[in-house]
There are 2 protein chains.
Amino acid sequence: MAPNGTDANTRTSAAAPDAASKERLRMWLRMLKSTRRVEAALRERLRRDFGTTLPRFDVMAALARYDDGLKMSALSGVLRVSNGNVTGIVDRLAEEGLVVRVQVPGDRRASLVRLTRKGQEVFARQAAAHEAWISELLEDFTPEEARIFSDRFDAVTHRNEEEDPE
Amino acid sequence: MAPNGTDANTRTSAAAPDAASKERLRMWLRMLKSTRRVEAALRERLRRDFGTTLPRFDVMAALARYDDGLKMSALSGVLRVSNGNVTGIVDRLAEEGLVVRVQVPGDRRASLVRLTRKGQEVFARQAAAHEAWISELLEDFTPEEARIFSDRFDAVTHRNEEEDPE
DNA sequence: ATCGTATATTTCAAGCTCAAACCTTTTTTG
DNA sequence: CAAAAAAGGTTTGAGCTTGAAATATACGAT
């Protein structure tokens, strides 16, 4: 697996020990730029077409996958953002009647956050548009290639795994 | 834009006209998760080892590539963030003596932002650590694979290109 | 010269983000 | 049981981010 020097023509490993890191850095910068570009497009369209934001959408998308709701801590875990962060977003979504906090019977500390019916309806429309946008923005990738990339990204994600409820 | 009636719950109904979009959506979610994970690691390490932030580092990295400095508008263009945003970050970097605003001779509106010598030295250390971190975080990618990915990401970036000073 | 438009940047309000401090409730432990 | 530790959430302070409005300068055509 590791390129152990004795390869046929490894100019890269012999001549430059940091050629690999340079190449990975280059990849990272491109990946970051691509991600930012897609995110910017999504942000703009969510605002334009639905008057919402990407973080709001992310929270609703997470909740949409759990009919029974998610605890605040689980929500921040899934989204990989701080829990103090989620508090504010859920507050605003709750003000608009898109989500509700439900008291957990046995535990007076915790509460489950759930989409309201209105929240489900609103999110369904946003999600459909979102999927179409992504497909358009990434149309240079064939489905086959997309699958390959998905799998390779999992390597990054599962690398130094601590906890991951997925 | 308008809810066209037939969009409420289009679960996997048709054969596979949307298989491609599903696959791309899957790829996007993985890509986003990977990016966020790397960014979170970078953010934490920049804070721990250098007491700085990712946006600050991004600004300094951009300036480090232009010895003659960059105008605020060019800076925000390179970083793809709003220009109001850059103002605040540059303000704080300037307070710490890491960058300076230099008046442009012929134009009293514009100013060039440049790294100070201190800024160059500080950034050099951060950049070395940064490159090593990236290589570690992406070590599952061989240099060859990294190169392939870089090229493919360029496709996304150069898709609907408006302006890009790079 | 002056009007109008375009350019360069800052300011502003609202919202997102984090880490750390804090409060409350639950669980563990002496 | 009571004290201590852990868990669930919110609050707080600082910084980041955006889009829109404001400011100031530059330039082009009268």
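A polar side-chain atom of B:Thr87 sits 2.9 Å from a phosphate oxygen of DNA strand C in this predicted model, a polar contact being a pair of N or O atoms within 3.5 Å (within protein, one must be able to donate a hydrogen and the other to accept it, and residues adjacent in sequence count only if both atoms are side-chain atoms). B:Ser73 uses its backbone instead: a polar atom there is 2.8 Å from a phosphate oxygen of the strand. For B:Arg101, an N or O atom of the side chain lies 3.1 Å from a phosphate oxygen of DNA strand C. The elements that give two or more residues to the surface near the strand are α3 (54–64), α5 (83–95) and β3 (107–115) of chain A, and α3 (72–79), α4 (83–95) and β3 (107–115) of chain B; helices (H or I, at least four residues) and strands (E, at least two) are DSSP runs numbered from the N terminus.

Taking in the whole surroundings, 24 residues surround DNA strand C, with A:Ser82, A:Arg92, A:Arg108, B:Ser73 and B:Arg109 the closest. Sugar and phosphate make up 81% of the strand's atoms that come within 4 Å of the protein, and a residue counts as near when one of its heavy atoms lies within 4 Å of the strand. By class, this surface has ten charged, nine polar and five nonpolar residues. Here Ala, Val, Leu, Ile, Met, Phe, Trp, Tyr, Cys and Pro are nonpolar, Asp, Glu, Lys and Arg charged, and the others, Gly among them, polar.

The two protein chains are also worth a look. A turn of 180° with a shift of 0.0 Å along the axis lays chain B on chain A with an RMSD of 0.1 Å, which is the relation of a two-fold axis. The superposition is by least squares on C-alpha atoms of residues with pLDDT of at least 70 in both copies. Within chain B, the residue closest to the rotation axis is B:Thr35, at 3.8 Å (C-alpha).

The contact (heavy atoms within 4.5 Å) takes 55 residues from chain A and 57 from chain B. Of the interface residues of chain B, 91% are also interface residues in chain A, so the copies meet through the same surface.

Residues are numbered from 1 along each chain as its sequence is written, with chains lettered from A and ligands numbered from 1 in the order in which they are written. Local features need pLDDT of at least 70, side-chain atom pairs count only at pLDDT 80 or more, and totals for chains, interfaces and linings use all residues, while side-chain values use heavy atoms, leaving out hydrogens and water.
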